[in-house]
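Here are some notes on the structure you sent, set out as numbered points to be read alongside the sequence and the coordinates.

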Amino acid sequence: MMLKQGIFNTRFEKILIALILLTLGVYLLTLGSHSLIDPDEGRYAEVAREMIETGDYITPHLNYVKFFDKPALPYWMTAIAFRVFGVNAFAARFSPGILALMGMFTLYRLSSRIYNRRAGLITALVAGTSFLYFIISHITITDMPLAFFVTLSLAGFYIGYLEKSRYYLLFYCGMALALLSKGLIGIIFPCGIVFWWILLTRKWRIFRALFSLRGILIFLVIALPWFIAVSLGNPDFFHYFFIRQHFIRYLTNADNRYEPFWFFIPIIIVGFIPWTGFLFVSLKEELSTLWKNKPEEKEGELFLLLWFVLIFLFFSMSGSKLVPYIIPVFSPLAVLLGGQIDRMLQDLDFKRTRTVLVLNATFLLFFAALMLILPFIQNDYSLQKTLPVSLSISLAFVAGVVVIFYFYGKRDLKAIIIVFVMLGVINCIGASSLLGLYAERHTSRYVSEFINSQKKPGDLVVQFRGFDQGLPFYLEQRVVLLSHSEDMKFGNEHEKDRSFFIDMEGLKELWNGDKRIFIVAYNGELKELAPIIDGEMKPLAVSGRKSIFSNWPADGEGAFLSKGGTP
């Protein structure tokens, strides 16, 4: 049964709209709630900041050396946000946050065409209130831009197929923008999913309808100019970006990011909190239905399942795995859940609903228990800071389970869905607080604030080991590196000015020279630093796990302890 399409004219739909607006408000109000997290947020924000400072929007630079790990579009979007909102954490996260919200609208549109309008509203809320979707939208990395533009491309294809419209052009546009966001997978995912869907449904005529000279032209006009310009200016770009960053990284463990094949399964389970129970039931029923029917009879569900399965397998088979990689599968899964929940509301099958709720309650209570014990089993953060957050989330989930079964007793499924959405919103607020706690221990902000209060023009800042990539962002100057992360390998190999890549002997010369320097070192590395700075010397300041030394005395007060946690 299809619900009547048109304006939102039922009380439940209006409540869903209000909840979407509430979710939107939570997203925007929490984007700037904490400092940039190293290394990822510092890295991508700093590349964008350097684009503005240098005026070079073609060749990305990190710490003022060439940086070709990712294409330029995410940096451009962040640079625009910096121009509008200033150089700050809110602006740095503005583009992933807005793209996540645009993704919710795109999924609403797709789900409305596959199922109906009410399913579309539920789909948007399922995506927006899922734990991992929210977290990735609040981190300045390239995974949310990739997920959105792949979603835009595939939604454009399927709506174009259903409506025989110009939506097909979005397939090409989204694919080009995905390519500019994270590379070749922006093409591989949309083309691979569409190919297998056409093959399994035997809708060969779609190849002809999809093939469009206008679409190809749009793709080339969007995608090619930057790749041509950066390649002309940097002869080594092609090999490093396409061979090293794509094929070698995917096929090998070159970056030490190996995880087992099943790595993403628990990530998806936890990432879909509070909707995980619906996810299991939805996948089981859709796979069972497809098994019993011809693919062309359930073409929408087949399209969504291929979207999920092919991306899941692609990343699961890779030699390099990180948690954010899997975020593109949240789009098709959210649509499947939206359709599943809508059918529950239509059918009023309370026996099946009870099974879903029991399964979902199990995951919610497990997550509540995990959150409750988390402050007691970790040593990095004080109990005073972590317990209020974890306890609030735990109590909310336990109370939510009680309220859910109360409404189940009253056979009020709409109220149950509203409770799930509210649990998701509460979890998003809690996730923002947890990110804030994590940021205090993994940010360069507090170290930089002290150095900025002391340094004069011409002073140098040296990081003793590794590279906290938020340092140049908050300092607004280049940092001298004794050693560096894999991210800086290309820049190191192609940098002519060797004064910013030094060894222990070079550090000793700087320390004993006429120029003032500040050394940022992790407390666990102070034994290695001792011979350079004269081991009895006290740090000017201690910020969390880091100490700051200088070959000149500090101005004003002595050492301090910032928000960075326990030293």
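1. A residue is called buried here when its relative accessible area is under 20%, exposed when that area is over 50%, and partly exposed in between. Please keep in mind throughout that this is a predicted model.

2. Is His-34 buried or exposed? With a relative accessible area of 7%, His-34 falls under the 20% cut-off and is therefore counted as buried. His-34 lies in the loop between α1 (11-30) and α2 (40-54), and, leaving aside residues up to four places away in sequence, its contacts are Ala-89, Arg-93, His-138, Ser-432, Leu-435, Gly-436 and Ala-439.

3. Turning to the interior, the largest nonpolar core has 163 residues, and those with the most contacts inside it are Phe-157, Trp-197 and Phe-278. Phe-157 touches Trp-197 itself, and its other contacts include Tyr-167, Tyr-168, Phe-171 and Phe-303, again not counting residues up to four places away in sequence. There is also a second, separate core of 16 residues, which includes Phe-500, Trp-511, Ile-519 and Ile-532.

4. Strand β7 (residues 546-550) deserves its own point, because 5 of its 5 residues are buried and the strand is therefore largely enclosed by the rest of the structure. In a regular strand the side chains alternate between the two faces of the sheet. In β7 both faces are covered, with Lys-546, Ile-548 and Ser-550 buried on one side and Ser-547 and Phe-549 buried on the other.

5. Which strands pair with β7? Strand β5 (residues 517-522) is joined to β7 by 5 bridges in an antiparallel arrangement, and here Val-520 has Ile-548 of β7 as its bridge partner. Strand β6 (residues 541-543) also runs antiparallel to β7, with 3 bridges between them, and Ser-543 stands opposite Lys-546. β6 and β7 form a hairpin with 2 residues between them, and in that turn Gly-544 has a positive phi of about 65°.

6. On the surface, a nonpolar patch of about 930 Å² is made by Phe-366, Leu-370, Leu-372, Ile-373, Leu-374, Phe-376, Ile-377, Leu-383, Leu-391 and Leu-395. The elements giving two or more residues to this patch are α17 (350-377) and α18 (383-409), and the largest share, 7 residues, comes from α17.

7. Where does Leu-383, one of the patch residues, sit in the structure? Leu-383 belongs to helix α18, and its relative accessibility is 38%, so it counts as partly exposed.

Conventions: Residues numbered from 1 in each chain as written. Predicted model: local features only at pLDDT ≥ 70, side-chain atom pairs only at ≥ 80, totals over all residues. Heavy atoms only, no water. Helix = DSSP H or I, 4+ residues; strand = E, 2+ residues; numbered from the N terminus. Buried < 20%, exposed > 50% of the residue type's maximum accessible area, 1.4 Å probe, protein only. Contact = heavy atoms within 4.5 Å. Core = buried A, V, L, I, M, F, W, Y, C linked by side-chain atoms within 4.5 Å. Pairing = 2+ DSSP bridges. Patch = residues over 30% accessible without salt bridge, like charges linked within 9 Å, V, L, I, M, F, W, Y side chains within 5 Å. Areas by Shrake-Rupley, 256 points an atom, 1.4 Å probe, with all protein chains shown as cover. Salt bridge = Lys/Arg side-chain N within 4 Å of Asp/Glu carboxyl O.
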